[in-house]
Amino acid sequence: MSKPCPLVSVVCDVFNHEPFIEDALKGFVMQETNFPFEVLIHDDASTDESARLIQRYADRYPHLIKPIYQKENQYSQGVSIWLTYQFSRVKGKYIALCEGDDYWTDPHKLQKQVDFLEANPEYTLCFHNAREKWEGSNEERGFAPIEDRAYSGVEIYDNWIIPTASTVFRTSLVQSERFQETIHNPNFLFHDIVLFMSCAEEGKIRGMSDNLSVYRRHPGGVLYYESLQRDYKQSLHDVEIGKHFEKLGVRQIAYARGGFRALKGFFYALFLNRRSLLRPFLSIIKETLSLKLVVKIPKAIGSSLHHLKEYSKKE
């Protein structure tokens, strides 16, 4: 007798998440649903014990946990983990995301979101609130003041209000030509916001005030890392968001954000004598130039001097 096809495919990417991955795994296996689902885990050649912990759960829940273990890190080679290894093996009508360092806290999380999407076909994505947790401290807070309502693309981009581990969206979105074209754009730095904006372009997005997961912040996390090169890439990312999703009304906001980041990066590179980055930053400044950006020059200089002072302390 053949096994029923999963309605939801959970996509979980892991790299050196040993201190956190078991919380994520427990969050998956505790889900109570009236439909089958699968958990697709990709371990990107972790150098810690992440793979061993994942395999322990895969042995215990072979019908549920389906891991891939890399021998060489793929992300560092420019490989898109989502496109190459994860989305390509999805069987579900819906995809739920949860990085290996985040975790779900409510056993009915998937059921609540799938029930909504099944009843509302005009919605492409559903997300909920989360607790934001700083590792190494007792500090916790709500991720954002999320309400039970539809959200526009402008709100999503301008306020960055979607915790990645809170999302469930339609698989048909990632199979569309438009998304495939978008996600292969090398100027996009954060693929999650590109995915969310693509969902907003194709349909409606629903927020839920329920707090159903935890979003961790820790030194190994993506948003903790800062450098001049990354500032340049993020400036480019914002400008590209403005161009690509112009019909959602985000161009002005994206250009302002990318331009100001480029302005800060330009002065910081100038102070550090990193001449190779001056022209790239200047190119973005010219493209996004406006009166609003000009008046922010003193603020950009002040921010750059602050970073310079912090850099000097480290040296």
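The exercises below, each with a worked solution, concern the fold, helix packing, cores and selected residues of one predicted model.

Residues are numbered from 1 along each chain as its sequence is written, and side-chain values use heavy atoms, with hydrogens and water left out. Because the model is predicted, local features need pLDDT of at least 70 and side-chain atom pairs count only at pLDDT 80 or more, while totals for chains, interfaces and linings use all residues.

**Exercise 1. State how many helices and strands the chain has, and what share of its residues is buried.**

Step 1. Helices (H or I, at least four residues) and strands (E, at least two) are taken as DSSP runs, numbered from the N terminus. On this basis the chain has 13 helices and 10 strands.

Step 2. Buried means under 20% relative accessible area, exposed over 50%, and partly exposed in between (1.4 Å probe, protein chains only). Of the 315 residues, 50% count as buried.

Step 3. Contact means heavy atoms within 4.5 Å. Among contacts between residues at least 6 apart in sequence, 78% join residues at least 24 apart.

**Exercise 2. Describe how α1 packs on α2.**

Step 1. Two packed helices are described by the angle between their axes and the distance between the axes. Axes are lines fitted to C-alpha atoms, for helices over the stretch in contact, and angles run from 0 to 180 degrees between N-to-C directions.

Step 2. Helix α1 (residues 21-29) and helix α2 (residues 50-60) meet at an angle of about 20 degrees, and their axes are 10 Å apart. The two helices are therefore roughly parallel. The classes are: under 35 degrees roughly parallel, over 145 roughly antiparallel, 65 to 115 roughly perpendicular, and the rest oblique.

Step 3. The crossing of α1 and α2 is right-handed. A crossing is right-handed if the near helix is turned clockwise from the far one by less than a right angle, and left-handed if anticlockwise.

Step 4. On the α1 side the contact is made by Ile21, Glu22, Leu25, Lys26 and Val29, and on the α2 side by Leu53, Ile54, Arg56 and Tyr57. Sorted by class, these are six nonpolar, no polar and three charged residues. Here Ala, Val, Leu, Ile, Met, Phe, Trp, Tyr, Cys and Pro count as nonpolar, Asp, Glu, Lys and Arg as charged, and the others, Gly among them, as polar.

**Exercise 3. Repeat the analysis for α10 and α11.**

Step 1. Helix α10 (residues 251-271) packs against helix α11 (residues 278-288) at about 150 degrees, with the axes 8 Å apart. The pair is therefore roughly antiparallel.

Step 2. Its crossing is left-handed.

Step 3. Residues of α10 in the contact include Tyr255, Gly258, Gly259 and Phe266, and those of α11 include Leu278, Phe281, Ile285 and Thr288. The contact residues divide into 11 nonpolar, four polar and two charged.

Step 4. Asn273 lies in the loop between α10 and α11. Its phi is near 60 degrees, a positive value in a residue other than glycine.

**Exercise 4. Identify the residues that touch the most other members of the largest nonpolar core, and the helix that gives the most to it.**

Step 1. A nonpolar core is a set of buried Ala, Val, Leu, Ile, Met, Phe, Trp, Tyr and Cys residues joined through side-chain atoms within 4.5 Å. The largest has 40 residues, of which Phe87, Phe169, Ile193, Leu195 and Ile241 touch the most other members.

Step 2. Elements that each supply at least two residues include α3 (81-86), β6 (123-134), α8 (191-202) and β10 (204-217). Helix α8 gives the most, with seven residues.

Step 3. Leaving out residues up to four places away in sequence, Phe87 touches Val11, Trp82, Ile95, Leu97, Phe169, Val174 and Phe179. A second, separate core of 31 residues includes Ile21, Trp104, Tyr123 and Ala165.

**Exercise 5. Place Tyr151, Asp158 and Trp160, and say whether each is buried or partly exposed.**

Step 1. Tyr151 is in strand β8 (residues 149-151). Its relative accessible area is 8%, so Tyr151 is buried. Its C-alpha atom is 6.1 Å from that of Arg206, 55 residues apart along the chain.

Step 2. Asp158 is in helix α5. At 35% relative accessibility, Asp158 is partly exposed. Beyond four places in sequence, Asp158 is in contact with Ile253 and Arg257.

Step 3. Trp160 is in the loop between α5 and β9 (168-170). With a relative accessible area of 28%, Trp160 is partly exposed. Trp160 is not a glycine, yet has a positive phi of about 45 degrees.
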